[in-house]
Amino acid sequence: MSGTALGYLLVVRRPFGISGAVGTVLSREARVDEKQAESIDDKALEEAMLAATRAAFPDETSGSFACDTAPAEPDSGLAQQLGWSRSLAFLVGLTLGGAVFSIVTHATMETVTTGFHAHFFGDGVTGYLALLVGGIFVGAGTSMAGGCTSGHGLVGCARLQPGSLVATASFFGTAIAVSLLLSFLLGGAR
Amino acid sequence: MGFGALFGFVLCGVGFTDYDEFHKMLTFVDLRMFLAFCGSVAISAVGYRAMRNIRRLPTRWIHKGTIPGGVLFGVGWAVTGACPGVAFAQLGEGKLWALATLAGVAVGTLAYQLVHARFLRFDRGSCG
């Protein structure tokens, strides 16, 4: 886990985090921003190349030159957010990782919840409803706190960031309290 | 995408995608995953310390949303057994019910983005 987070930082040069990637993918602004950034980059690069070529060869000014170099990423220090398409790729990768694991371990498909979750919330519609409502809490909570288990818990705590330590303490604490409560009221793991 | 896949695989391997395992961790019945998490934080801490001169990262300060957000997330986490990353890995693993969690996460994130833009305007910072 830590290897992934560290490698990610070295290669992608951004702090590792999942809820941020989810937020970016869901944000229309991020997608539009990326498109605009791309088109501006391409245009600017093309113009710059053309100008440079004209300067270098003043006699042959009428040619149009195709360039096959990729537009360089604007290096403005360490950008906070990963772009839209790379966020999406990251999330797809997460899903694929799970798929590879299930293939390796010959896991079976599950269409309904089992085990303790089914025991607490039922394995039919109520189970799905619990997941949906819980998911809404997760989505709202992580975007409010500005991070999730990976961003705050793994990376933030490792870097001893005050905000991350408090966030991790509060979500771990609440989760433990709720789990103990469920366990106490409905008879779960003890 | 490679890192996503690696992380998804590791999450499944440790057992974070299994609600039973997760529930046992939070009720202190089985501390294995808890220790795995602490262990990886510790290893990461050493790594980040070693790399601190290579990459400057923004400081994560405590802000108005830190605790309420953490509490909201904690409730959802205990109920679904999933943080956003785990939900994706669960789906990939063939646990199709994770779609319900993901739908919830999407709704929650979008709803909060709207609420935040309209009513609350503090700087949340964010993990990439």
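**Helix packing between chains A and B in a predicted model**

B:Thr101 lies in helix 6 (residues 98-118) of chain B, where helices (H or I, at least four residues) and strands (E, at least two) are DSSP runs numbered from the N terminus. The structure is a predicted model, in which local features need pLDDT of at least 70 and side-chain atom pairs count only at pLDDT 80 or more, while totals for chains, interfaces and linings use all residues. Residues are numbered from 1 along each chain as its sequence is written, chains are lettered from A and ligands numbered from 1 in the order in which they are written, and side-chain values use heavy atoms, with hydrogens and water left out.

At 0% relative accessibility, B:Thr101 counts as buried, a term that denotes under 20% relative accessible area, with exposed meaning over 50% and partly exposed in between (1.4 Å probe, protein chains only). When neighbours within four places in sequence are left aside, B:Thr101 is in contact (heavy atoms within 4.5 Å) with A:Leu131 and A:Gly135 of chain A, and with B:Thr80, B:Ala82 and B:Ala87 of chain B.

Helix 6 of chain B packs against helix 6 (residues 125-145) of chain A at an angle of about 40 degrees, with the axes 6 Å apart; axes are lines fitted to C-alpha atoms, for helices over the stretch in contact, and angles run from 0 to 180 degrees between N-to-C directions. The crossing of these two helices is right-handed, in that the near helix is turned clockwise from the far one, whereas an anticlockwise turn by less than a right angle would make a crossing left-handed. Among the residues that meet here are A:Leu131, A:Gly135 and A:Gly139 from helix 6 of chain A, and B:Thr101, B:Gly104 and B:Gly108 from helix 6 of chain B. By class, this contact has 12 nonpolar, 7 polar and no charged residues, with Ala, Val, Leu, Ile, Met, Phe, Trp, Tyr, Cys and Pro taken as nonpolar, Asp, Glu, Lys and Arg as charged, and the others, Gly among them, as polar.

The largest nonpolar core (a set of buried Ala, Val, Leu, Ile, Met, Phe, Trp, Tyr and Cys residues joined through side-chain atoms within 4.5 Å) has 41 residues, of which A:Leu91, A:Phe172, B:Leu26, B:Phe73 and B:Trp77 touch the most other members. The largest share of this core, 6 residues, comes from helix 8 of chain A. Residues touched by B:Phe73, not counting those up to four places away in sequence, include A:Phe137, A:Val138, A:Phe171 and B:Pro84.

In chain A, 10 of the 10 residues of helix 7 are buried, so this helix is largely enclosed by the rest of the structure. A:Gly156, found in helix 7 (residues 149-158) of chain A, is buried with a relative accessible area of 1%, and is in contact with A:Gly151, A:Gln161 and A:Ser164 when neighbours within four places in sequence are left aside. Just after helix 7 of chain A, A:Leu160 takes a positive phi of about 55 degrees.

Chain A as a whole comprises 8 helices and 0 strands, and 47% of its 190 residues count as buried. The mean pLDDT of chain A is 69, with 57% of its residues reaching 70 or more; pLDDT is the predictor's confidence in each residue, from 0 to 100. Over residues 61-79 of chain A the pLDDT is below 50, although this stretch has 21 contacts in the model beyond near neighbours in sequence. Where pLDDT is low, the predicted coordinates should not be read in detail.
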